[in-house]
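Thank you all for coming. I would like to walk you through some empty spaces and then one helix, so please have the picture in view.

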Amino acid sequence: MNEEAGNARPWHEALSRHRILGLLPAGTQDALARALPELSAAAGELIADGDRLKTHLFWLIEGTVQLQNPDGEAVLSLRPGELFGLAQGESLLISAAQAETVCRYTRLDALTAEALRKEVPALAYFLASPDLSAHTTTLPATRRGANGDPALNLMTTPVSALIKRPPITLSPNTSIRDAAQVMSEQRVSSVLIVEQDLLFGLITDRDLRNRVIAMGMDTARPIADIATLAPMSVDVKNPAFDALLLMARHNIHHVPVLNGQRIAGMITATDLTEQHSTSAVYLAGDVYKQTTVEGLQAVAAKVKRLQQGLAAAEASAYNTGHIVTAITDAITTRLLQLGEAQWGPAPVDYVWVAAGSQARNEQTARSDQDNCLLMDDAYDEAQHGAYFKALARFVCDGLDACGYVYCPGEMMALTDQWRQPRRRWLTSFTEWTSQPDPTALMLTCVFFDMRAVHGNAGLLDDLRRSVLQQTRGNTIFLAHMVGNALLRQPPLGMFKGISTIRSGEHKGTIDLKHHGVVPIVDLARVYALALGENDINTHDRLTAAAASGGLNEKNARDLQDALEFLAFLRLQHQARQMAAGQPPDNHINPDDLSNFERHQLKDAFVVVQTMQSVMGQRYRM
């Protein structure tokens, strides 16, 4: 199954013509079109079952799909254009979706589907309410964010929280000159016009410029002559998201707030951006507006504040990773677009590929860059080499300028080894998997954590399929991969006590990343490789391993909980460092933790150690 996303997919027309998704506003359709992955499945291939079917909405583009009950019996056949997934079909006991023919489809997660339902309430008639608890863990509730972007989520912020001062009101007969004087004295960009204690209209700085000064109007005339009458408003109890939508849809920047019929205040576009300029939505939007690397630098500087806000809201590590990575993807894509604008369209098809934590959607504000460039086999070094070398240099330099420092191991597209046509990549992977020495194993691990970010994602899909054909069932290679995965052990002493670093700069600390998170990442990768799964995110790999029977469901949940706790602890630690003006790192002193946290930390390490032992026995050479 093709599980890779492409950021330049022709979804715009299909979205606008779709009976249900076509109800979305044009701006939302544009954003969704950029985000939807293009997926495919061969005839007879399982598209989704279990949690994946319940927590994602699928849109069938081509081919036919068979929905099945728990006994594997066909219940319903779907045709192109139809939607499935989420809670739809529960009354029919739908538990799996299988491709009847070769299929092309896309999908979006439950959080995105819920956001679309809230933006266009009419969608609730067509779409089942998604189960938003699917990506939470069994950690205490205080360890989870309410939504994908909780602290900064306009859905949860009431309009009343954004009102900064009592309303400035005038009567309709006030002269334009007097109104301008009041606005100047009060330092406001708008005033509300009230008659008999009811909202009559409003005027803004823009009205004074465009309707008075530019038109040479007599300033002795009443403000009623230039006012926007019966303006759109929001109720004080509504979420701030309603005000944002109102402004975006009607291109307005001032919205009166009412408490019933009584005027409560005024909010502006500035009020919203001041409160939420570091949210994922605003940052991603800002990225695509930038025309220079310097502009992207300014946007990227807000990522740390984004992570701090998410940490303050105790968002899950799973959601935080996806949100922070989304900004990295956007910056990378925009750099490629700027590069193509400078040097012209690429002479042959290519795909820019992320590796490491970016590929797994597990980034934090402290991340270096790991990437590569894969070109079509039509690539000719003499004709095309200079173009792609310049493009890769521009993007990697731009990422470094934006805070994604150069990879210490030079695993970047700017190096010749990581910028190759498909045929050379296949040759390299064949050599690595046939002679799995330590270096080859390390490089192979990098490959299996790769995701298309921009360009022709099919190039990576084809390469991945070819490599998996070589590795699937190769028990010797798998045993070597297991041995490599067991090199990093959790810091537990002889009697299961936490063992800290004994000397050096980080004496008395533990490395949460390399001795906590990374061992779980390695375990999940081996399970995915052994089972032929295409998931890249660690949490999703463990879910898939449990669903396919390759991993006991309880053990999978234990590893997911351990991963969530360790990653969450790391994010909180980094947020505290950033708040103190310190560079974020992965080293935490156990003495800084509460007794409860230390107990959970030890339990998490024991889970990892136990599962490493199980895997070592299962795949012994």
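Let me begin with α17 (457-471) and α19, which each supply at least two residues of the lining of the largest cavity. Before going further, I should say that this is a predicted model, in which local features need pLDDT of at least 70, side-chain atom pairs count only at pLDDT 80 or more, and totals for chains, interfaces and linings use all residues. Residues are numbered from 1 along each chain as its sequence is written, and side-chain values use heavy atoms, with hydrogens and water left out. Helices (H or I, at least four residues) and strands (E, at least two) are DSSP runs, numbered from the N terminus.

A cavity, on a 1 Å grid over the protein atoms alone, is a set of points where a 1.4 Å probe fits but cannot get out, whereas a pocket is an open set with protein on both sides within 12 Å along at least five of seven lines; lining residues have an atom within 4 Å of a point. Grid points are joined across faces, edges and corners, and a volume is the space filled by probe spheres set on the points.

The largest cavity has a volume of about 80 Å³, and α19 gives the most to its lining, with three residues. Among the residues that line this cavity are Phe448, Arg464, Arg525 and Asp535, and the lining as a whole divides into four nonpolar, one polar and five charged residues. Here Ala, Val, Leu, Ile, Met, Phe, Trp, Tyr, Cys and Pro count as nonpolar, Asp, Glu, Lys and Arg as charged, and the others, Gly among them, as polar.

Turning to the pockets, the second largest holds about 1200 Å³ of space, and of the 44 residues that line it, the closest to its centre are Gly356, Ser357, Arg360, Lys513 and Val518. Which element gives the most to the lining of this second largest pocket? It is again α19, with seven residues, and the lining divides into 16 nonpolar, 16 polar and 12 charged residues.

Finally, consider helix α14 (residues 381-401), whose 21 residues should span 30 Å at 1.5 Å a residue (1.5 Å times one less than the number of residues), and whose end C-alpha atoms are 28 Å apart, which agrees. Just after α14, glycine 403 takes a positive phi of about 105°.
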